[in-house]
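Subject: Structure handover

Hello,

Here is the structure I promised to pass on. Please open it first, then read the notes below beside it.

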Amino acid sequence: MANVKTRLGDTELVSLDAGRFPYDGGAMFGGVPKVIWGNLTPVDEFNRIILTLSPLLIRSGSRSIVVDVGYGSRHTEKDLKIWGFDPAITVVTALAAEGLRPSDIDTVILTHLHADHAAGSTSDGENGVEPAFPNARYIANEVEWEAANNPDARSAAAYRPDDFVPLERAGLLDFVGDSHDVGDGVSVGRTGGHTAGHMAVYVDTGARKAVYPADLVPTRHHVRVPYIAGVDLFPLEVIESKKKMLTQAAAEDWVVILDHDVAGNIGRIVQDGKGRFAFRDAEA
Ligand SMILES: [Zn+2]
């Protein structure tokens with residue numbers, strides 16, 4: 001695997017290869033029967049499918065913004081066994097392939113605080129847990145922060161506060177509400193659905209728009225409105241937010257960058273006469 005990039009005017013968008021991991025197919029496809037989803041993507045003997053860890057790098061003018069940071073480098077042996085990813089591949093190795101060091105990143109946007117999106121925010125240093133991006137401001141949603149620090153029984157295993165609480169102590173976190181302008185054409189908007197405080201990231205160069213829906217639309221298969229992951233906390237909110245986003249994305253031909261799709265992460269959305277959405281890969 002490798003990073004994949006596209007351009008939006010003067011802005012470069014890079015889908016970063018921060019690794020891949022096997023994940024329970026039923027958890028990913030929720031109420032969709034296996035006889036259907038089992039034909040969409042390869043399945044292993046444990047009923048798992050492969051997901052990518054694909055943070056987004058946005059380079060615009062002097063800005064280098066990273067959206068989500070994968071699992072990072074703080075793992076126990078048990079973590080590695082459960083999650084089954086290669087610890088040698090991280091957002092940091094993916095950025096190095098773009099000629100960037102962690103210290104070059106000025107902004108880290110966390111769409112939500114689940115470990116596969118936020119654990120790479122910090123790394124182990126000489127003085128304990130340190131920010132992995134020492135010169136960055138980190139942006140997180142205030143609703144998500146509350147939920148991640150006081151998780152319900154269902155969400156507790158998905159959050160690792162040890163990875164993100166040090167950011168707050170270091171004064172590096174900026175908490176945002178329903179929407180926030182990050183500057184240079186980049187903004188965030190709360191979608192809810194996957195988690196209450198889940199956010200999508202938008203890029204608008206004036207000529208064309210792009211969106212990183214994160215776990216609102218984790219793979220191309222999830223553009224189908226009723227395809228809702230079993231792990232989504234608010235399924236009806238997923239439907240509303242997804243419909244609204246994809247209707248606009250199809251009408252205005254947005255670039256869409258997916259966070260977990262093993263078949264390819266950059267494309268666009270089309271809508272047929274019956275209103276159904278489909279994902280089309282960007283031309284190489
Ligand atoms: Zn998630």
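Strand S12 (residues 179–183) and strand S13 (residues 186–190) form an antiparallel pair, held over four bridges. Keep in mind that this is a predicted model. Gly183 has Val186 in S13 as its bridge partner. Two residues lie between the strands of this hairpin. One residue to look at there is Asp184, with a positive phi near 55°.

S13 also pairs with S14. That pairing is antiparallel too, over five bridges. Here Val188 has Val201 in S14 as its bridge partner.

Next, the open sheet. It has seven strands, in the order S1-S2-S5-S6-S7-S10-S11, and the pairing is mixed. Strand S1 (4–8) and strand S11 (173–176) stand at the edges. Each has a single partner strand, so one side of each lacks a neighbour in the sheet. On average, neighbouring strands of this sheet are turned by 20° against each other, direction ignored.

Within this sheet, look at strand S2 (residues 11–15) and strand S5 (residues 56–60). They pair in the antiparallel sense, over four bridges. Glu12 stands opposite Arg59 in S5. Helix H6 (residues 142–149) packs on the sheet and touches strand S10 (137–141) and S11. The direction of H6 makes about 80° with that of S10.

Now helix H8, residues 235–251. What span should its 17 residues have at 1.5 Å a residue? The expected span is 24 Å, and the end C-alpha atoms are 24 Å apart, so the two agree.

Which residues of H8 are buried? They are Val238, Ser241, Lys242, Met245, Leu246, Ala249 and Ala250. These buried residues cover an arc of only 150° around the axis, which means that they sit on the same side of H8. The other side of H8 has exposed residues: Leu236, Glu240, Lys244 and Ala251. Note that one lysine, Lys242, is buried, whereas another, Lys244, is exposed.

What covers the buried residues of H8? The cover includes strands S14 (199–204), S15 (209–212), S16 (255–257), S17 (266–271) and S18 (277–281). S14 is thus a part of the cover over H8 and also the antiparallel partner of S13.

One last residue. Just after H8, Asp253 takes a positive phi of about 55°.

Best wishes

Terms used:
Residues are numbered from 1 along each chain as its sequence is written. This is a predicted model: local features need pLDDT of at least 70, side-chain atom pairs count only at pLDDT 80 or more; totals for chains, interfaces and linings use all residues. Side-chain values use heavy atoms; hydrogens and water are left out. The expected span of a helix is 1.5 Å times one less than its number of residues. Buried means under 20% relative accessible area, exposed over 50%, partly exposed in between (1.4 Å probe, protein chains only). The arc is that of the directions from the helix axis to the C-beta atoms. Contact means heavy atoms within 4.5 Å. Two strands pair if DSSP finds at least two bridges between them. Axes are lines fitted to C-alpha atoms, for helices over the stretch in contact, and angles run from 0 to 180 degrees between N-to-C directions.
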